[in-house]
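User: I should like to learn how to read several features of a protein model, beginning with burial in a helix. Could the general idea come before each case?

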Protein chains: 2
Amino acid sequence: MTKYVYLFREGDASMRDLLGGKGAGLAEMTRAGAPVPPGFTITTEACNAYSETGRFPDGLWDEVLAALSDVERAAGKRFGDATNPLLLSVRSGARFSMPGMMDTVLNLGLNAAAIRGLAEASGDERFAADAYRRFVQLFGKIVLGVDGNRFEQVLETAKGPGRQDTDLAADELRQIAGQYKEVIRTDANTDFPDDPYDQLKAAIAAVFRSWNGRRAIDYRRLNKISDSLGTAVNVQTMVFGNLGNTSATGVAFSRNPATGEAVLYGEYLVNAQGEDVVAGIRTPRPIAEMAREMPDVYEQFAAISRQLELHYRDVQDMEFTVERGRLYMLQTRTGKRTGAAAVKIAVDMVAEGVIDRNTAIQRVEPASLDQLLHPMLDPKARLTAPFLTRGLPASPGAATGKVVFHPDLAEERAKAGEEVILVRTETAPEDFHGMVAAQAVLTARGGMTSHAAVVARGMGKPCVAGASALTVNYKEHFCESDGQRVLEGDYITLDGSTGEVFLGRIDTSEPELSADFRTLMGWADEVRKIGVRANADTPKDARTARGFGAEGIGLCRTEHMFFEGDRIDAVREMILAETIAERRLALAKIEPYQKEDFVRIFREMDGLPVTIRTLDPPLHEFLPHEAPEMRALADQLGISFDQVKARVEGLREANPMLGFRGCRLGIVYPEITEMQARAIFSAAKECAAAGIDVQPEIMIPLVGMPEELRRQEQLVRQVARDVGWDRYLVGTMIELPRAALVAARIAEHAEFFSFGTNDLTQTTLGISRDDSGHFVPKYIESRLYADDPFQVVDQEGVGELVRMGVERGRSRKPGLKTGVCGEHGGDPASVMFFATIGVDYVSCSPYRVPIARLAAAHAALGEASRDK
Amino acid sequence: MTKYVYLFREGDASMRDLLGGKGAGLAEMTRAGAPVPPGFTITTEACNAYSETGRFPDGLWDEVLAALSDVERAAGKRFGDATNPLLLSVRSGARFSMPGMMDTVLNLGLNAAAIRGLAEASGDERFAADAYRRFVQLFGKIVLGVDGNRFEQVLETAKGPGRQDTDLAADELRQIAGQYKEVIRTDANTDFPDDPYDQLKAAIAAVFRSWNGRRAIDYRRLNKISDSLGTAVNVQTMVFGNLGNTSATGVAFSRNPATGEAVLYGEYLVNAQGEDVVAGIRTPRPIAEMAREMPDVYEQFAAISRQLELHYRDVQDMEFTVERGRLYMLQTRTGKRTGAAAVKIAVDMVAEGVIDRNTAIQRVEPASLDQLLHPMLDPKARLTAPFLTRGLPASPGAATGKVVFHPDLAEERAKAGEEVILVRTETAPEDFHGMVAAQAVLTARGGMTSHAAVVARGMGKPCVAGASALTVNYKEHFCESDGQRVLEGDYITLDGSTGEVFLGRIDTSEPELSADFRTLMGWADEVRKIGVRANADTPKDARTARGFGAEGIGLCRTEHMFFEGDRIDAVREMILAETIAERRLALAKIEPYQKEDFVRIFREMDGLPVTIRTLDPPLHEFLPHEAPEMRALADQLGISFDQVKARVEGLREANPMLGFRGCRLGIVYPEITEMQARAIFSAAKECAAAGIDVQPEIMIPLVGMPEELRRQEQLVRQVARDVGWDRYLVGTMIELPRAALVAARIAEHAEFFSFGTNDLTQTTLGISRDDSGHFVPKYIESRLYADDPFQVVDQEGVGELVRMGVERGRSRKPGLKTGVCGEHGGDPASVMFFATIGVDYVSCSPYRVPIARLAAAHAALGEASRDK
């Protein structure tokens, strides 16, 4: 016959399917010898049997009664006893923690006789009366389904104005319990059960039923949890921390979860119940004080803590109760921790011989490293800082500075030594110099992958994007959010990790990379199989990336260089050229700058590959759009205003994302690609002559037709021959669905593929990243998207195309090198996915390189464990 | 030993690989007993051997000499003879007609002796001298590679001012020939060959070499013709139509290629050579006159024409020469014809028992039907009409009317009975009523699938789009192209089949659908397997579509209805609503209109399915964008101007194509879908009560996530239950790459798929159809795109996704109904592709329905022949 009930001492941690998470934990703690109040778990199979038939399966109740006898023996108390009654808690506990299921019922087993018994045993009549009052209220609400407000009303009326719960006397509490029962009789049309066994039976059935409650079902559907798992029921002896000054209750971590320091960390309250700690009426005391106040208990708890940590080989987050000097462990689970703590704990535990290096690597969430790599706000100061507005946490880190609205002004003030924050409705490539000059960027529009967000992340600068309540008035030099106005020059502070913006200054603390961090990253590098490069457009970015361990540049965008200083003039001249000769003349002016840019980047990346993307953005991004600027440009080039205006108009596009950009520019104006290739190869030659190991990789963007790549490739190779340079690769971005579909034929002309998953996400899902704010947040909220598809790669759609692209490309060219250079290259879940489908490397913002390295190590370890 | 040379009588039509197209044709004609001047063909294999080794293969020359003897015997003349010399023409002739290969060399075989012989035989010394002059010129240019201008200069100098070629005397012609030889000696560094056999050998080698000439290779690469085919060489006896008044030359069709009437159609010139007909100095006479002038020859030619037509079972396009009363056939090939002629000829030939019905169907190019279905310009008047500008032939047909620049004015003038043409920089959905009112539409911007083009095609109205030289000045009410200004109210005429726009009025002729057309379409319907529906948004469109044989509506866009009359006010109110209650209130105002629209459409489509797409376009398309209109709207709704402006601004998108549209609207505002579903089902119920057979199919647009469809489907089904209607389908558009990739899971919630290949093309290829003008024309010109991907489906990319979508959808739901409702549904090549991958039906503009029906029949017949 099926066994439906397991005493805690009969189970263990491996039985989560049968006993649920909580039941397995209590069993394992019992097995480890911790002082757990005795109890038992009813299995998920019993729940499933109940769900099918609507009644307890045969034998279940007998097993419950047998287990209860055992618990009575272990507790030395009897259920429903008139002198020293056993009271029980009844809790649900499924395989996965799941909101919407039944809450806890406490003090089960009380009736008239047992109340007397409890009063006698505790020597406290009021305590016993209050315990019953609480029990009736919880049971009524949770098991019998009476609206909780009905009980609150009774309680409020009884207290009258100005009195607390604690002011109620035993008599009053008894009266209240009586009134509660009246409510139950009226609302639930049933008498409150006096028989403790009836109480227990009803509570167990209620837990079973809650598995098929509306909220639980919804939650399971959204989280793709099978309906057939069922929930377990945990029945456990009650213990009380509120039986005088030798009783207490508390929570503690086995190590400091903020710093990782190996000391007990937590707090406790004397003469209190768990809910009193939560309620915050009394201030709990640091756990260290328990060493003075209850030295024996403290010693015992510290020992148990060490034992559980060794047992579970990880930091434990524990709940305990002391009942009249006796310690009881109520729960233990893996302790959550900050990124810094995770790193320290993992490295320490390896030193202590508790875990091995691979486990240490797996113990640190890659995403949690973000906290270590960026400045943070002073946590106390932020609590009292006046809130201005909130946007998306677009690029992590905190910054304080004076508000400026124009990139030129940002540059000017920064040169004068001021710290400024650039505030714009949204940013465009022409604002780049202002972003370079600013401490941080704040925009009113745009999503997590808007221009501001992408560029800021690339530079490692904090950014809050899409603060939709914010409006910027460029003309009158102020911005406003919910009626609060900020003038140019006013200080603000923003936290790019949370999206919050505050008025005034708040101190920030700079991050320091610890020795433990370096140790852990070293271990990660040893196990990971997928390479990690960085997206870097400037020598400074390249240096940062290298410092963070990047193994090359996976994406060097050439267009940002077009905006620096006077170059933009020549670029505009090139765009406005009417003949190929004029265009070549303008390009010739740009070429020396481009060459110098590449020389400086190659120097930084000595010995590592540098993937350079040829010109990609739509040309109109380089042109002025306001009449005065257009007029100035016309004067400068000696052409008419109308000519400039006509060209600006002519290049205007309804959907620039799907427009005249990428290799389409190089196909229509081959001389642009030619100039860029010449600048790259001349720079390479010059660097090589100076003894630098240069490994340029030329990458053609937005290829859809194999023939596009063939033509651009031929052009690049011709220039290489002309310059006299032969150590380079030519490859392409795969960023259109068509490119992934025809990857086999594209591979004929490519030495590498780099999947541009930003654009591939835009086209595959049909979402403009600039406009995603209109519905993507709502989609995430209502779980239509599990995550923002611009942050975590959409494996089913975009990922499927990447998989196809890799497969089809290699079917024609075995061993074809493949990388990913979208924003996803820095997202742990995405990196792991790319590793599993055979991508050779990912490329991400310099500041995300450590995250990608660690995620890659996780992927390798995950794969190794799957292979076993 | 390989046989390299075939006499005409040794070959036949099946030997095109070996003898080339021309050689096989001459052989077949000879075989059919037509009087072909004797000759022979040197095989493509000989050419390939020559290409490999650079010399004639062993035995070739001997075979040529033997064949030549045979020709001498047949012609009764001898090569190089001093009394009656045989002259030859030498022509290239590959498997496929191919520009860039060697032209014809005529009169080969002339030298001093033969000139005398020719003069003697013809009795015309000047004729002989001129024949030699022409021969030296052609041979020098074509075989020896001398620049043709050099000969023209000599000729011009010799003529002096004011004299024609025909004024030159025999002596002068001889002198000129001598000077030509000097030019050849200087430029080609060789003496002109006197020996006829040397001439022949050189000419044959020149044909072989031209196979690997630059232009021929380029042409083959672009057209994917294999380099290994080689060209044949045709050597044929010369005959002369310029030997007096019993000689003549002409061209004729066996039936009228414009109307299809079964009478000889062509023209001839007495005492002339073929090139004189082309030169246009003398006006040729209709072939009918030959019956009077040369009755015997005419009878003979008419008989041969009938014989060849029966032999080839198709209309023949023939060239002939009469030499001194004797008829020679020089060429016959399948005659090109207009759409109208194609239909008549095909149906007639079935009646005559010449071909069967399936052949008749295959004889008519689906695209050629376009001409039959639209008004055309008077062909004579158009020749002299003043040209204004040119754009893309966006929607076929011709129209004349007064220019108006504003849709409201168009409506006003049209109501007053005027015929107007709406001229806009580009059109947007809010211009719809103006397009309805206008005879035709002209835009300065936008491609073949711009809003103007798509809507105009849907309505069967002529449209010229993207006339890039045109600028429209709305403020001052004029437009301008290349300095020519047209004021509002001026007449223009446009031809949407060619893209031309003329100043002033030109008469147009209305099309009439013939009985033959109906007969042919009936046959097509019998054989085709794929269904044909129409895209129709109005009762009028629905009626037109049904008239053209549509089997249902495959796409009924609901948004156009939103613009009509006052409805737009309620729509704007709905968009500006701040609460769901306000929005429902506004929707309630729209619902009766929507319901009435559907009632009218259902009536038209009694007994046929109607696929209705829920709201698709971005909401900002419904809002005004100019301050005065925004102010008016604010007043009307009793809200502030700033509120309106903020909402308009808030809905602005960088890439609206990838923005907040499609089912995203219905997900964020479910009440919109709900209203539309209610309107549809209430209309269905009302119609059914009136005895109409209603088959509504609700189609959810822009689905990417299966869950999107599931939620919208549930909503629609709930409304159906509420209304009490149960005969309907719910399906989705597959128009995002992701949707095609996850089609299996989407199919779980869909009763049909309709592939929206317009949008799928935009996202798969990354081209905005509104902006494609920036590079797509250049891409087509340089053969990066074989066709405009918005007109002919990109089979490798977009087609692959459609194939995947069909397969994956049916893998989960076998027999899932699938359709295509993009513009490609009306393109013959695309229809054939969709038929082969198992799509159940296509849906296209009403005016393209017959084209799609015929294309579908072609697809079925093509498949049947492949299956054999």
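Analyst: A residue counts as buried when its relative accessible area is under 20%. The model shown here is predicted. With that cut-off, helix 2 (residues 44-53) of chain A can be read: A:Thr44, A:Ala46, A:Cys47, A:Ala49 and A:Tyr50 are buried.

User: Which elements do the buried residues of helix 2 of chain A pack against?

Analyst: They pack against three helices and two strands of chain A, namely helix 1 (16-31), helix 3 (60-75), helix 8 (196-210), strand 2 (39-42) and strand 7. After helix 2 of chain A comes A:Gly54, which has a positive phi, near 80°.

User: Where does A:Asn234 lie, and is A:Asn234 buried or exposed?

Analyst: A:Asn234 belongs to strand 7 (residues 231-237) of chain A. Because its relative accessible area is 2%, A:Asn234 is classed as buried. Its side chain makes a polar contact of 2.9 Å with the side chain of A:Thr41. When neighbours within four places in sequence are left aside, the residues in contact with A:Asn234 include A:Phe8, A:Lys22, A:Phe40, A:Ser89 and A:Arg91.

User: How should a strand be read, taking strand 5 of chain B as the case?

Analyst: In a regular strand, side chains alternate between the two faces of the sheet. Strand 5 (residues 88-94) of chain B is mostly covered, with six of its seven residues buried. The next step is to look at its pairing. With strand 6 (residues 105-108) of chain B, strand 5 of chain B pairs in the antiparallel sense over two bridges; here B:Leu88 stands opposite B:Leu108. With strand 7 (residues 231-237) of chain B, strand 5 of chain B again pairs in the antiparallel sense, over seven bridges. B:Ser89 has B:Gln236 of strand 7 of chain B as its bridge partner.

User: What is the accessibility of B:Gly650, and in which helix is it found?

Analyst: B:Gly650 is found in helix 24 (residues 641-651) of chain B. Its relative accessible area is 37%, so B:Gly650 is partly exposed. B:Gly650 and B:His620 are 30 residues apart along the chain, and their C-alpha atoms are separated by 9.0 Å.

User: How is the contact between chain B and chain A to be described?

Analyst: The size of an interface is often given as the accessible area lost when the parts come together. Between chain B and chain A this buried area is about 4600 Å², and carbon and sulfur atoms give 54% of it. B:Leu658, B:His774 and B:Leu784 supply 14% of the area that chain B buries against chain A, more than any other three residues. The contact takes 53 residues from chain B and 53 residues from chain A.

User: How many salt bridges are there between chain B and chain A, and which element of chain B gives the most residues to the side that touches chain A?

Analyst: Twelve salt bridges are counted between chain B and chain A. One pairing is that of A:Glu800 and B:Arg808, whose side chains meet in a salt bridge (3.1 Å, N to O). The count of residue pairs in polar contact between chain B and chain A is 34. Among the elements that give two or more residues to the side of chain B that touches chain A are helix 24, helix 27 (706-723) and helix 32 (795-812) of chain B. Helix 32 of chain B gives the most, with six residues. By class, this side of chain B has 22 nonpolar, eleven polar and 20 charged residues.

Definitions and conventions: Residues are numbered from 1 along each chain as its sequence is written. Chains are lettered from A and ligands numbered from 1 in the order in which they are written. This is a predicted model: local features need pLDDT of at least 70, side-chain atom pairs count only at pLDDT 80 or more; totals for chains, interfaces and linings use all residues. Side-chain values use heavy atoms; hydrogens and water are left out. Buried means under 20% relative accessible area, exposed over 50%, partly exposed in between (1.4 Å probe, protein chains only). Helices (H or I, at least four residues) and strands (E, at least two) are DSSP runs, numbered from the N terminus. Two strands pair if DSSP finds at least two bridges between them. Contact means heavy atoms within 4.5 Å. Buried area is the accessible area (1.4 Å probe) that two parts lose on being put together, summed over both. A salt bridge is a side-chain nitrogen of Lys or Arg within 4 Å of a carboxyl oxygen of Asp or Glu. A polar contact is a pair of N or O atoms within 3.5 Å; within protein, one must be able to donate a hydrogen and the other to accept it, and residues adjacent in sequence count only if both atoms are side-chain atoms. Ala, Val, Leu, Ile, Met, Phe, Trp, Tyr, Cys and Pro count as nonpolar, Asp, Glu, Lys and Arg as charged, and the others, Gly among them, as polar.
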